[in-house]
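Trainee: I should like to learn how to read burial, cores and pockets from a set of coordinates. Could we work through one case together?

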Amino acid sequence: MRTGITGGIGSGKSYVCRLLKERGIRVYDCDSEAKRLMVSSPTLRRKLTRLIGPETYIRTKATGSRKTEYQLNKPVIARFLMSSPENAKALEAIVHPAVIEDYLNSNIEWVESAILFESGLNSFVDRIVVVTAPEEVRIARIIERDGISRDKALEWINHQLPQDYLVSHADHIIKNDGETPLLPQIDQLLN
């Protein structure tokens, strides 16, 4: 049974996934795998370079090797993404299908994705777990983790699907408010 784990920024879904991993559950992390694929896949590199430009990647030679290594040029990609919603959609149209395909071929049943619905990945899972937290808790977590202002944290929260939407599509909810114990909720999920 494929299980998708999602939740808004600052909800603590990554922390919940770490607790699952401590229990021996393998969880495919879409964020880190997308970054890996964007560097390691020649097809994705070609498509992204065509879309964004030749400065999309920083190329270096591996130490003691002739092999070229690639690094994402994050400021260039960030500028491209921020310049228009169309640019973000064009990038997503390249990256999301590659991540979904990689997940489906991974033989991992659990998947963590902040954009489970936006990417279409929800269509490939059998159940959806949503990690929730009150907005003020989320804001505090984001500010502490990323060292940004309250206004910026709110902007990031408001850029995502509302928590109510996620909850209305959930098969299981994990309340991560900093007060309700998580381990019994995870045990209930696994049972």
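Trainee: In which element is leucine 19 found, and is leucine 19 buried or exposed?

Mentor: In this predicted model, leucine 19 is found in helix 1. Burial is judged by relative accessible area, with buried meaning under 20%. Leucine 19 has a value of 7%, and it is therefore buried.

Trainee: Which residues does leucine 19 touch, leaving out those up to four places away in sequence?

Mentor: Leucine 19 touches Leu182, Leu183 and Ile186. Leucine 19 and leucine 182 are 163 residues apart along the chain, while their C-alpha atoms are separated by 8.9 Å.

Trainee: Let us turn to tyrosine 28. Where does tyrosine 28 lie, and why does it count as buried?

Mentor: Tyrosine 28 lies in strand 2, which covers residues 27-29. It counts as buried because its relative accessibility is 3%, and the cut-off for that class is under 20%.

Trainee: With which side chain does the side chain of tyrosine 28 make a polar contact?

Mentor: The partner is the side chain of aspartate 102, at 2.7 Å. Aspartate 102 is also one of the residues touched by tyrosine 28 beyond four places in sequence; the others include Glu33, Leu37, Val99, Tyr103, Trp110 and Val111. Sequence separation should be read alongside distance here too: the C-alpha atoms of tyrosine 28 and aspartate 187, 159 residues apart along the chain, are separated by 20 Å.

Trainee: How should I read a nonpolar core, and which residues touch the most other members of the largest one?

Mentor: One may ask about membership, then connectivity, then the elements involved. The largest nonpolar core has 28 residues, and those touching the most other members are Tyr28, Leu48, Val95, Val99, Val111 and Leu121. At least two residues of this core come from each of helix 2 (30-40), helix 3 (42-52), helix 4 (74-83), helix 5 (85-104) and strand 6 (127-132). Helix 5 supplies the largest share, 6 residues. Leucine 48, beyond its neighbours within four places in sequence, is in contact with Met38, Gly53, Thr56, Tyr57, Leu91, Ile94 and Val95. There is also a second, separate core of 14 residues, with Leu20, Ile25, Leu182 and Ile186 among them.

Trainee: What is notable about phi of asparagine 107, and where does asparagine 107 lie?

Mentor: Its phi is near 60°, a positive value in a residue other than glycine. Asparagine 107 lies in the loop between helix 5 and strand 5 (110-112). This residue counts as exposed because its relative accessibility is 66%, where exposed means over 50%.

Trainee: How does one find empty space, and what volume has the largest pocket?

Mentor: Rolling a probe the size of a water molecule over the atoms shows where empty space is left. In this model, the largest pocket has a volume of about 2,200 Å³. It is lined by 49 residues, of which Asp31, Leu81, Ala114, Ile115 and Gln160 are the closest to its centre. Helix 5 gives the most to this lining, with 9 residues. By character, the lining divides into 23 nonpolar, 11 polar and 15 charged residues.

Trainee: How many cavities of 30 Å³ or more does the search find, and which residues line the largest?

Mentor: The search of the whole structure finds 1 such cavity. The largest cavity has a volume of about 30 Å³, and its lining is formed by Gly7, Gly8, Ala114, Glu118, Gln160, Leu161 and Leu166. These lining residues divide into 3 nonpolar, 3 polar and 1 charged.

Technical notes: Residues numbered from 1 in each chain as written. Predicted model: local features only at pLDDT ≥ 70, side-chain atom pairs only at ≥ 80, totals over all residues. Heavy atoms only, no water. Helix = DSSP H or I, 4+ residues; strand = E, 2+ residues; numbered from the N terminus. Buried < 20%, exposed > 50% of the residue type's maximum accessible area, 1.4 Å probe, protein only. Contact = heavy atoms within 4.5 Å. Polar contact = N/O pair within 3.5 Å; in protein donor to acceptor, adjacent residues only side chain to side chain. Core = buried A, V, L, I, M, F, W, Y, C linked by side-chain atoms within 4.5 Å. 1 Å grid on protein atoms, 1.4 Å probe; cavity = no way out; pocket = protein on both sides within 12 Å on 5 of 7 lines; lining within 4 Å. Points joined across faces, edges and corners; volume = space filled by probe spheres on them. Nonpolar A, V, L, I, M, F, W, Y, C, P; charged D, E, K, R; others polar.
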